[in-house]
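Here is a set of short exercises to work through with the model open beside you. Try each task yourself before reading its solution.

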Amino acid sequence: MSKRIEKLIRDYPKLKRQQRCLYYQLVDFHGISEQETIDTMYFSQPEGERVQTSGTTNKTAHIALNFRERMERINDEWYEHLEKEYLELTEQLRFFESAVRSVSGITGEVLADLVFEQLTWDQVAEKHYISRRSVGNYRRKAIAEMEKLYQHYEDEIVDYMLS
């Protein structure tokens, strides 16, 4: 568990950037254009064995009849994918941030400075008038406290799913 928490601590700025990027993709969603849909339908090749049943194919008529429906389906699926990723990442970050903020005392302050403020250990030591070794000890204690919070959170999810 602590490896997962340490990874979240390390990757927090990257995850926040990813969340913002997904948010703006959703807000400014355009999807694929009509021309892109037509191009993919026109230049697509059937997979597997091909059996020709007639002398001519009516690919153009097929594209004309089906491209809007296909475009809407592709755009809907892509939007749902982006939305699902955004919601999952937002929930993961929401719990992580609340867990960091709920760590008590100076231990929580040190961890918050390391995670949210992105201060170095030296900067945190100077800010709180403690040694680098104390920063490491507080960080380790905070991670242990967060492990308990994550375990409780996961137990609640399991209980909910089983009920």
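**Exercise 1. A patch on the surface**

Which residues form a nonpolar patch on the surface, and what is their accessible area together?

*Solution.* A word on the ground rules comes before the steps. This is a predicted model, in which local features need pLDDT of at least 70 and side-chain atom pairs count only at pLDDT 80 or more, while totals for chains, interfaces and linings use all residues. Residues are numbered from 1 along each chain as its sequence is written, and side-chain values use heavy atoms, with hydrogens and water left out.

Step 1: Apply the patch rule, which takes residues with over 30% relative accessible area and no salt bridge, joining like charges within 9 Å and nonpolar side chains (Val, Leu, Ile, Met, Phe, Trp, Tyr) within 5 Å. Areas come from the Shrake-Rupley method with a 1.4 Å probe, and for residues only the protein chains shown count as cover.

Step 2: Read off the members. The patch consists of Tyr23, Tyr24 and Val27, and their accessible area together is about 340 Å².

Step 3: Place one of them. Tyr23 sits in helix H1, residues 2-27, and counts as partly exposed because its relative accessibility is 39%. The classes used here are buried (under 20% relative accessible area), exposed (over 50%) and partly exposed in between, with a 1.4 Å probe and protein chains only.

**Exercise 2. The overall build**

Describe the chain by its elements, its burial and its confidence.

*Solution.* Step 1: Count the elements, taken as DSSP runs numbered from the N terminus (helices are H or I, at least four residues; strands are E, at least two). The chain has 6 helices and 0 strands.

Step 2: Look at burial. The chain has 163 residues, and 27% of them count as buried. Its accessible surface is about 11,900 Å², with 51% belonging to carbon and sulfur atoms.

Step 3: Check the contacts, meaning heavy atoms within 4.5 Å. Of the contacts between residues at least 6 apart in sequence, 71% join residues at least 24 apart.

Step 4: Add confidence, given as pLDDT, the predictor's confidence in each residue from 0 to 100. The chain's mean is 87, and 80% of its residues reach 70 or more. Confidence is lowest in helix H2 (residues 34-43), with a mean of 65, and highest in helix H5 (residues 121-128), at 97.

**Exercise 3. The nonpolar interior**

Which residues of the largest nonpolar core touch the most other members?

*Solution.* Step 1: Recall that a nonpolar core is a set of buried Ala, Val, Leu, Ile, Met, Phe, Trp, Tyr and Cys residues joined through side-chain atoms within 4.5 Å.

Step 2: Find the best-connected members. In this core of 23 residues they are Ile9, Phe96, Leu111, Met146 and Tyr150.

Step 3: Trace the sources. Two or more residues each come from H1, helix H3 (59-102), helix H4 (105-115) and helix H6 (132-162). H3 gives the largest share, 8 residues.

Step 4: Zoom in on Met146. Setting aside neighbours within four places in sequence, Met146 contacts Ile5, Phe96, Ala99, Val100, Val103 and Leu111. Another core, of 6 residues, lies apart from the largest one and includes Val110, Leu114, Val124 and Ala125.

**Exercise 4. Charged pairs between helices**

Which parts of the chain does the salt bridge between Arg4 and Glu154 tie together?

*Solution.* Step 1: Use the rule that a side-chain nitrogen of Lys or Arg lies within 4 Å of a carboxyl oxygen of Asp or Glu. By this rule there are 7 salt bridges.

Step 2: Take the pair in the task. Arg4 and Glu154 meet at 2.8 Å, N to O. Arg4 lies in helix H1 and Glu154 in helix H6, so the pair ties together parts 150 residues apart in sequence.

Step 3: Compare Glu97 with Lys16, whose side chains meet at 3.1 Å, N to O. Glu97 belongs to helix H3 and Lys16 to helix H1, so this pair ties together parts 81 residues apart in sequence. Glu97 is buried at 13% relative accessibility, whereas Lys16 is partly exposed at 23%.

Step 4: Finish with Asp113 and Lys127, whose closest N and O atoms are 3.0 Å apart. This pair links Asp113 in helix H4 to Lys127 in helix H5, 14 residues apart. Asp113 counts as buried at 6%, and Lys127 as partly exposed at 47%.
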